[in-house]
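Trainee: Could you take me through one part of this structure in detail? I'd like to see how the pieces around the sheet fit together.

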Amino acid sequence: MVCLAVKAGGPGTFPEWKALFADLMPELEVKDWYDPALNPAQIDYVLVWQPEPGRLAQMGNLKAILSAAAGVDHILADPELPKALPIIRMGGDETATQMADYVRWAVFALLREAPLWYGAQQAKQWARKNAPPTRLSSATRVGIMGLGNLGSFVASKLVAADFTVFGWARHQKQCAGVTCYAGPEGLVPFLQQCDTLVCLLPETPETKGLITYSLLQHLRKPAGFINVGRGPVVVEADLVRALQDGTLHGAVLDVFDTEPLPETSPLWAVPGVLITPHVASEASRPARARYVVSVIKALEAGESVPLTYNPAQGY
Ligand code: NDP
């Protein structure tokens, strides 16, 4: 019998996961990661979010680690992580759809100056005289950094919403309706096209600290900025500076260097910023359970799985 241990969503969520897997794959034995009687040698697969360091190394018969999220940085943070095991990122339709919904909302929020109007509402001001010149979606150029599983889907939805869309990745891409740039040499020409920049990059040694004040200077000013990738890709002090001096007219931020964002962060109070607490895309438990079952069935059948973490690339 194949055995899956689950640590996703806190100790109280296990009964829900167990019921979902019982419906989808009755032959799967599902164990609670928090159960003190859990036998580590019995576990074939884990579905995890932030595994305690050293815990995975105890599971001597583990075949693969399934991330409860699309990112894997919370797994790689374990210094004792067994290096040879495949790590599979969370996928499925809901993950991409939620991300596309969030990014479209954020792009429209910046287009229609939502941070400005929200600030005026807080101050009970009818701030009609402050309205900046109207801009149209059809005249707005949106650039997406990262054209992977999520970025390419988000790009297609922005094209459908009438924006002019640009994309940047490590490798040259072909995405319908999207002008694509690649590699370090493509970065500045890409940025020069953008009124709004969307970061959908993973955190890797190469992307960490990539978005600086001087990089933001290449955008069409004043620009909008959306970060749904990972906080450390952006130098936060540079972001604050760019918002304060008008390089950026607004930002929608879902991910941060430190999460939860500390009360002392200047980002809470910079005008033009909307903050959400890392909620851009979190597929429902039923959708994640369906995806996990599809992955386990594929791996048990000896098939390859698309969203497998590549250690050489770092994502
Ligand atoms: P993928 O691995 O499918 O795509 C990553 C993209 O980033 C690829 O297009 C890749 O290029 C590009 N990339 C990576 N490194 C570089 C680099 N050095 N230079 C240029 N491009 C680079 O990831 P997903 O699309 O599934 O997810 C992206 C990220 O979104 C996740 O890693 C996670 O951090 C974040 N995320 C955030 C969520 C939230 O709620 N805020 C939820 C889910 C994910 P190439 O295609 O050429 O390899």
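Trainee: Let's start at one pair of strands: how many bridges join E6 to E9, and do they run parallel or antiparallel?

Mentor: E6 is joined to E9 by 4 bridges, and the two strands run parallel. Keep in mind that this is a predicted model. For a landmark, find Val 142 and look across: Thr 196 in E9 stands opposite.

Now zoom out. E6 and E9 sit in an open sheet of 7 strands, and if you walk across it you get the order E8-E7-E6-E9-E10-E11-E12, with parallel pairing. The edges are E8 and E12 (273–275), each of which pairs on one side only. Ignoring direction, neighbouring strands in this sheet are turned by 15° against each other on average.

Helix H5 (residues 149–160) packs on that sheet, where it touches E6, E7 and E8, and its direction makes about 170° with that of E6. H5 has another helix to deal with too. Helix H3 (residues 93–111) and H5 have axes that come within 9 Å and cross at roughly 50°. That angle makes H3 oblique to H5, and the crossing is right-handed. If you want to click through the contact, H3 brings residues including Thr 95, Met 99, Val 103 and Val 107, while H5 brings, among them, Leu 150, Phe 153, Val 154 and Leu 158.

Next, helix H6 (residues 183–191). Its buried residues are Gly 183, Gly 186, Leu 187, Phe 190 and Leu 191. They cover an arc of only 125° around the axis, so they lie on the same side of H6. The spacing makes sense: an α-helix has 3.6 residues a turn, so residues three or four places apart point the same way. Flip to the other side of H6 and you find Pro 184 and Glu 185 exposed. And what do the buried ones pack against? Strands E6 (141–145), E7 (164–169), E8 (178–182) and E9 (196–199), plus helix H7 (213–216). That brings us back to the pair you asked about, E6 and E9.

H7 also leads us on to helix H8 (residues 236–244), whose buried residues pack against H7, strand E10 (223–227), strand E11 (248–253) and E12. The buried set in H8 is Glu 236, Asp 238, Leu 239, Val 240, Ala 242 and Leu 243, so don't expect just greasy side chains when you colour by burial: an acid such as Glu 236 is in there too. One last thing to look at is Gly 246, which follows H8 and has a positive phi, near 85°.

Terms used:
Residues numbered from 1 in each chain as written. Predicted model: local features only at pLDDT ≥ 70, side-chain atom pairs only at ≥ 80, totals over all residues. Heavy atoms only, no water. Buried < 20%, exposed > 50% of the residue type's maximum accessible area, 1.4 Å probe, protein only. Arc of directions from axis to C-beta. Contact = heavy atoms within 4.5 Å. Pairing = 2+ DSSP bridges. Axes fitted to C-alpha atoms, helices over the stretch in contact; angles between N-to-C directions. Parallel < 35°, antiparallel > 145°, perpendicular 65-115°, else oblique. Left-handed = near helix turned anticlockwise from the far one by under 90°.
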